[in-house]
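Reader: I'd like a close look at one part of this model, starting from a single side chain and working outward to the strands and contacts. Please explain each term as you go, since I'm more at home at the bench than with structure files.

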Amino acid sequence: MLQFETINELTLKVTCRGNDVLFTKAGSFIAGESSGGKNYKFEKVLLGPQNSFGKALLGSLTRRVTGENIPLMKVHLNGDSVTYYANYGQHVVTYHLEQGETLSVESENILAFTEDCDYNVRFIGVGILSQKGLATSTLTGRGSNAYVSVICDGNPIVLSNVYSNDTISVDPDAVICWMGNGHCDPQVKTDVSWKTFIGQASGESYQFEWNGNAGVTVMIQPSERKGGIRIGID
């Protein structure tokens with residue numbers, strides 16, 4: 001059995017009781033404690049975290065084609081231990097997924113997840129307007145021990161219209177993850193005009209938007225990735 005806990009905002013603490021398996025971003029391990037000698041080891045994930053070879057191969061190909069690829073390592077925990085994970089001082093947020101609950105997340109923002117999470121890449125059809133193109137990574141809880149840890153640049157901001165029914169609009173390059181009714185994919189709203197082509201665009205030519213009926217919770221970071229469309233004429 002595993003338990004996730006965020007320490008000092010910047011570190012993931014994983015407590016293991018017994019034997020278990022953990023998937024983390026490759027190279028994210030920073031420290032560990034275990035009685036009677038080191039009882040955990042690391043293994044590079046060559047294809048993917050899926051149990052089936054066919055699914056793992058297909059998932060690997062899909063991730064590479066869509067840009068949702070993420071270098072993962074598998075941590076084998078053989079006995080009681082506490083291990084710690086981090087990524088270049090980024091802030092860490094942990095979440096426990098209920099069975100059947102799905103988190104849609106940018107692959108580069110995944111720090112760790114347990115074996116009770118099904119990891120897949122799903123097409124959302126937003127075309128070239130999104131930083132990651134046509135796809136997003138998804139983690140779905142399928143057991144009682146489904147933990148996910150994500151990383152972000154700075155303290156995240158959480159927006160939700162579950163009770164307010166407000167429209168939520170965000171910059172796709174600032175999105176970390178979202179969760180809600182079903183897959184609750186965003187719509188892409190564009191603001192492209194003749195000014196865009198003469199270098200007079202606002203810099204906010206497209207947004208992800210969820211209407212008031214989406215029932216979605218969105219986590220964003222206070223910084224933007226380098227990506228998306230950059231159009232102009234010198």
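Author: Let's start with methionine 179, which is in contact with Tyr95, Leu97, Glu101, Thr102, Leu103, Cys184, Gly215, Val216 and Thr217, leaving aside its neighbours within four places in sequence. Contact here stands for heavy atoms within 4.5 Å. Before going on, please keep in mind that this is a predicted model, in which local features need pLDDT of at least 70 and side-chain atom pairs count only at pLDDT 80 or more, while totals for chains, interfaces and linings use all residues. Residues are numbered from 1 along each chain as its sequence is written, and side-chain values use heavy atoms, with hydrogens and water left out.

Methionine 179 sits in strand E16. Strands (E, at least two residues) and helices (H or I, at least four) are DSSP runs, numbered from the N terminus. Methionine 179 counts as buried, because its relative accessibility is 14%. The scale is simple: under 20% relative accessible area is buried, over 50% is exposed, and partly exposed lies in between, using a 1.4 Å probe and protein chains only. Its C-alpha atom is separated by 9.5 Å from that of serine 160, with their positions 19 residues apart along the chain.

Now to the aromatic rings, where the structure holds 10 pairs. Rings of Phe, Tyr and Trp (its six-membered ring) pair if their centres lie within 6.5 Å; planes under 30 degrees apart count as stacked, over 60 as edge-to-face, and the rest as tilted. A tilted example is phenylalanine 29 with tyrosine 40, at 5.8 Å centre to centre and 50 degrees between the planes. This pair links distant parts of the chain, since phenylalanine 29 is in strand E4 and tyrosine 40 in strand E5 (residues 40–44), 11 residues apart. Phenylalanine 29 is partly exposed, at a relative accessible area of 26%, whereas tyrosine 40 is buried, at 8%.

Strand E16 brings its own aromatic pair: the ring centres of tryptophan 178 and phenylalanine 208 are 6.2 Å apart and the planes stand at 85 degrees, so the pair is edge-to-face. Here too distant parts of the chain are linked, with tryptophan 178 in strand E16 (residues 175–180) and phenylalanine 208 in strand E18 (residues 206–210), 30 residues apart. Tryptophan 178 counts as buried at 2% relative accessibility, and phenylalanine 208 is buried with a relative accessible area of 1%. Elsewhere, Phe29, Tyr40, Phe42 and Tyr85 form one aromatic cluster.

One member of that cluster, Tyr85, is also touched by threonine 24, along with Pro71, Leu72, Met73, Val75, Leu111 and Ala112, not counting residues up to four places away in sequence. Threonine 24 belongs to strand E3 (residues 19–25) and is buried, with 0% relative accessibility. Its side chain also makes a polar contact of 3.4 Å with the side chain of serine 28. A polar contact is a pair of N or O atoms within 3.5 Å; within protein, one must be able to donate a hydrogen and the other to accept it, and residues adjacent in sequence count only if both atoms are side-chain atoms.

Next comes an open sheet of 4 strands, with the order E1-E2-E7-E4 and antiparallel pairing. Strand E1 (2–7) and strand E4 (29–33) are at the edges with a single partner strand each, so one side of each lacks a neighbour in the sheet. Two strands pair if DSSP finds at least two bridges between them. Strand E2 (residues 11–16) runs antiparallel to E1, joined by 6 bridges; glutamine 3 has threonine 15 as its bridge partner in E2, and glutamate 5 has lysine 13. E1 and E2 form a hairpin with 3 residues between them, and asparagine 8 in the turn has a positive phi of about 50 degrees. On to strand E7 (residues 81–85), which pairs with E2 in the antiparallel sense over 5 bridges, with valine 14 opposite threonine 83. E2 is largely enclosed by the rest of the structure, because 5 of its 6 residues are buried.

Last, the structure holds 1 salt bridge, formed by arginine 142 and aspartate 118, whose closest N and O atoms are 2.6 Å apart. The term needs a side-chain nitrogen of Lys or Arg within 4 Å of a carboxyl oxygen of Asp or Glu. Arginine 142 is partly exposed at 35% relative accessibility, and aspartate 118 is partly exposed with a relative accessible area of 31%.
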